[in-house]
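Here is a walk through one structure, from its empty spaces to the way its chains meet. Keep the coordinates open as you read.

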2 protein chains.
Amino acid sequence: MEDFRNEYCMHTATCGQLRATDVNQEVTLCGWAWHTRDHGGLIFIDLRDRDGYTQVVVDPDCVSEEDFHAAEHLGREYVLKVSGRVRERAPEAINPNMITGEIEVLANAVQVLNTSVTPPFSIEDGIETDEITRMKWRYLDIRRPEMLANLKLRHTVTQAMRRALDERGFLEIETPILANSTPEGARDYIVPSRPNPGKFYALPQSPQQFKQMLMCAGVERYYQIARCFRDEDLRADRQPEFTQVDIEMSFVEGDDVCDMMEGVMAETLKAVGVTDVTFPLQKMQYADAMRDYGCDRPDVRFGMLLHDITDIVKDTGFKVFASVAQSGGVVKAINVKGAGDWSRGEVEKLASIAEANGAKGMAWVAFTTDGQEKSPIKKFFTDEEWAALKAEMEVEPGDLLLFAADKPEIANAVLSALRLHMADAMNIPREGHALLWVVNFPMFRYDEDEKKYAAEHHPFTHVLKEDLDKIESDPLACGSYSYDLVMDGFEVGGGTIRIHNAEEQRRILRVVGLTDEEIDEKFGHLIRALELGAPPHGGIALGLDRLVMLLARKDSIRDVIAFPKTSSASDPMTGAPSAVTGRQLKDVSLRIL
Amino acid sequence: MEDFRNEYCMHTATCGQLRATDVNQEVTLCGWAWHTRDHGGLIFIDLRDRDGYTQVVVDPDCVSEEDFHAAEHLGREYVLKVSGRVRERAPEAINPNMITGEIEVLANAVQVLNTSVTPPFSIEDGIETDEITRMKWRYLDIRRPEMLANLKLRHTVTQAMRRALDERGFLEIETPILANSTPEGARDYIVPSRPNPGKFYALPQSPQQFKQMLMCAGVERYYQIARCFRDEDLRADRQPEFTQVDIEMSFVEGDDVCDMMEGVMAETLKAVGVTDVTFPLQKMQYADAMRDYGCDRPDVRFGMLLHDITDIVKDTGFKVFASVAQSGGVVKAINVKGAGDWSRGEVEKLASIAEANGAKGMAWVAFTTDGQEKSPIKKFFTDEEWAALKAEMEVEPGDLLLFAADKPEIANAVLSALRLHMADAMNIPREGHALLWVVNFPMFRYDEDEKKYAAEHHPFTHVLKEDLDKIESDPLACGSYSYDLVMDGFEVGGGTIRIHNAEEQRRILRVVGLTDEEIDEKFGHLIRALELGAPPHGGIALGLDRLVMLLARKDSIRDVIAFPKTSSASDPMTGAPSAVTGRQLKDVSLRIL
């Protein structure tokens, strides 16, 4: 028996701990009355705690009348302290699906530590209770073994990361939550300051500026399991507050941060029993990820790659393709194996996915298993073009080709979405986990709405050495020292080597549209720090919630956060956010509109 | 050589690492040019990083002309990468006060990684730069070895605590920062919610309610290094945000939490080299602490205990004492050894300390080393009273007695303050660290301003079993299962066994003045949780900033926080808090008054 759990408390064993080797031990268990049944004059209780559950037998001959009466009148989720002797179960009663299934505890005392009113939903795995109800009674929801397992997994991941980072000489340092507004791009949460009327803190979207300051401070290796805040509209993998494993290192360049991170990830995955990821990880160029997968966070656990067929169709009679190809756009296609027999109706429904991603329509060709070629567009192709298309797409009977013809970003988005949709639709196995790096993102993108350049990662990113002279003359041609860690089709981490030269920092900020005055006003402290002996440095931030979500194989980060918020950013349990008093508003010199 | 620091980076050794055993190794160091001097045609650089500093010798015969030129023109805090060979120093050049003082590095390459403008203050320990300047350039302040040492100490303490808690089966769980208003007593920081106009989150003053919910959730053992927020006026040991090691356990009672905490503290102190604290710790009753030290956080590293002389003076001719003694007050005294020869003027200056703590004046008696008894009050005493006083106070020549006569709380506050002041004044040694528990605080105090009962710790505290029937009839007589961890005269932790019975919780909340409607409105979720099978539970919270401050022997928690705020709650480095745009205010439906 492990014993750390049972020091300093009422019980001597946990409900998940006893085995056949413990038979005849006198034990005390504490937990919740999970399932209770009366059978042959005896009362059987499944007593549950965070470790598991144990069958307790209450025999009127072995306990006091009072205790037996208590056991007869147990309600669901009553809290009990049970003392008794561990005994082997009868052979026919052994439950191999239960970790304590070889034994039971014959009670000699049963004490009700607390009663319970009837819970609003069952404390069982796989319940279909709506999520708002689960959140309102979150303390009951977490009692369910699958939720406790998620929190334990999160703990294990966090501790493994800390240990790995500690061993590599990183110092854990806390940075302010009451911080200043930063240009991460999302909306800040703002906090009024009472002694400074009309002024506000911003909750940090990330500790980016502080970690760069810590490098300037000579800390050399910093990490923090950092709470971050973004006031954005919420969806399944967004929460108003989230947690990132925030890491920064000095005297690094190029791949140094990735190499370090791989070591940490290897130890973390090992700690949670993930053994199917091999290191070193693949490093995929951003341009290749976009070309082959249409996105910068490819799920590489299956193929169905995007093929660029622009050259093949540039003179085709199918004018949609030809005009896109001739006007700087691209025509790309994926080959969905096994969907060649889909009906025209089924295939054409997929156009809605294409359209949701910006396409005006979706061309397709089905190659049925009995050798037919069905398509509205085949008639426009020459034999040579058709043969080249089939060769490029490696067509076999049973294949379905889906096309996108548009600006590259739209064509990629369309086929990336279709690829993932079809993987689900075709039940393509996506077992295990696939990690890789996507590296060398462009430094800038052109923001069509704002009519200006914006930083693809953030404006503190170091431009590739060979592109430094193109910052002003050809911003879109500048690459950057940047790397995203991608897992199972999700971005779980992202980082860059930072700028450590004040003048380079000013040049980048000018390209993204700031005047010298704005630079001094918003980024003066950063520029000053770079001028005062900033070392070369770089870092990365991992999204802890998402990483644990993927490891737990859940669809929502809410299942790996103890107390998440709803999609309207509220907490049904505590009622937050709530009204405040007039006095509280007056204290901070505010009025509600 | 340890090598963890030097993977994935430009250097192969740190500046604090090389010893005589490394002679003849080829190494690369990175760091800051700390002190540079030109001597006999050679350039000597003290190259500094977070680990220490190493003497680098640049000989024009051993480096390129370009590199020598760079070395000749180094400014303070230039960032360098130096490659070279480790060599023994000449015997007369060995510096035993420097960890790398046996060796130096003869450079074969010197690269300037970054330049620096002249820093606004010296990067040296013990500077007298004003604190606002240090905070404005915090990244320079932290480069100073003593500040880096503080951050390393904090890291070591934190990691040791986590390790100790992990080993005891605690799960680290994050609770919300965007929380709801709670009744901890201080002012909340409030955060407007955009999707819920007119509603606000409160930043948590502690995760108290969430940790209790986690116990109700069956987590059984929880901890968190938790950020907490209080919008109070600031002083040396207060910050708008602070960090507590927040711990909660289920199925515990009485001393269980203290026993656990002592194990964790023992391992933590060992990790930072504190060896003079012996466990188990003393448990001092709250009543005894108040009687002997006049406060609930006694510094027990020296004596000078308070003596209650009320009985001795109750009929004395000194009417101030007699009337206090006869009207329910107390007369107490301390004996300051070695101050008996202080002049009357010096002694009477102490009255200002007594008055600052609520006294109307301060009586005293000086016993000079040459046998005189000087006092304005002696004449009012009978010989018997005088003899009894001297016996009680164990008077010897050279002693100074200081008196307080008032309501107990004032007399205690006065003498507690005088005791600490006189310990400083007399240079009483307070080396090492002294930890103890102060336990069994009263459940309630009577708040004279608000004319109602208030909870001494908080209203979730379990009343002593034997006092449960006095909750309504005699609240001030109720003790509680409560324990403060006191170190060197500071409260470094406090906790209680919590109420797990819904009806007891309602009774306590009624005594502190809430109506049943207010209870349901403010504490409905807690009451509901207690009704749904809450286990017996209790916990503790340690003030991490203060603990590290004491271990670092600093006077201010600002010295152990990377980015603290000023006394007006602002950050001179980033400028937070700052103005926000009209758009930001409109988003959250607010207007500045």
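A cavity, on a 1 Å grid over the protein atoms alone, is a set of points where a 1.4 Å probe fits but cannot get out. Its volume is the space filled by probe spheres set on those points. With that in hand, take the second largest cavity of this predicted model. About 170 Å³ of space lies in the second largest cavity. Its lining counts 19 residues, and the closest to the centre are A:E174, B:R154, B:R227, B:I561 and B:A562. Two elements of chain B, α4 and β10 (241-250), each supply at least two lining residues. The most comes from β10(B), with three residues. By class, this lining splits into nine nonpolar, three polar and seven charged residues.

Now widen the view. How many cavities of 30 Å³ or more does the structure hold? There are eight. The largest has a volume of about 470 Å³. It is lined by 33 residues, and A:R162, A:I225, A:R227, B:E174 and B:I225 are the closest to its centre. Elements giving two or more residues to this lining are α4 (145-167) and β9 (221-229) of chain A, along with α4 (145-167) and β9 (221-229) of chain B. The lining of the largest cavity comprises 15 nonpolar, eight polar and 10 charged residues.

Next, the two chains themselves. A turn of 180° and a shift of 0.0 Å along the axis lay chain B on chain A, with an RMSD of 0.1 Å. The two copies are thus related as by a two-fold rotation axis.

Which surface does each copy use to meet the other? Of the interface residues of chain B, 100% are also interface residues in chain A, so the copies meet through the same surface. In contact terms, 130 residues of chain B touch 130 residues of chain A. Between them, the chains bury about 11100 Å², and 59% of that is on carbon and sulfur atoms. On the chain B side, B:Y8, B:F251 and B:L532 lose the most area to chain A. Together these three account for 8% of what that side buries.

Charge pairs also cross between the chains. The count between chain B and chain A is 12 salt bridges. For one salt bridge to inspect, go to A:D231 and B:R194. Their side chains meet at 3.0 Å, N to O.

Technical notes:
Residues are numbered from 1 along each chain as its sequence is written. Chains are lettered from A and ligands numbered from 1 in the order in which they are written. This is a predicted model: local features need pLDDT of at least 70, side-chain atom pairs count only at pLDDT 80 or more; totals for chains, interfaces and linings use all residues. Side-chain values use heavy atoms; hydrogens and water are left out. Copies are superposed by least squares on the C-alpha atoms of residues with pLDDT of at least 70 in both. Contact means heavy atoms within 4.5 Å. On a 1 Å grid over the protein atoms alone, a cavity is a set of points where a 1.4 Å probe fits but cannot get out, and a pocket is an open set with protein on both sides within 12 Å along at least five of seven lines; lining residues have an atom within 4 Å of a point. Helices (H or I, at least four residues) and strands (E, at least two) are DSSP runs, numbered from the N terminus. Ala, Val, Leu, Ile, Met, Phe, Trp, Tyr, Cys and Pro count as nonpolar, Asp, Glu, Lys and Arg as charged, and the others, Gly among them, as polar. Buried area is the accessible area (1.4 Å probe) that two parts lose on being put together, summed over both. A salt bridge is a side-chain nitrogen of Lys or Arg within 4 Å of a carboxyl oxygen of Asp or Glu.
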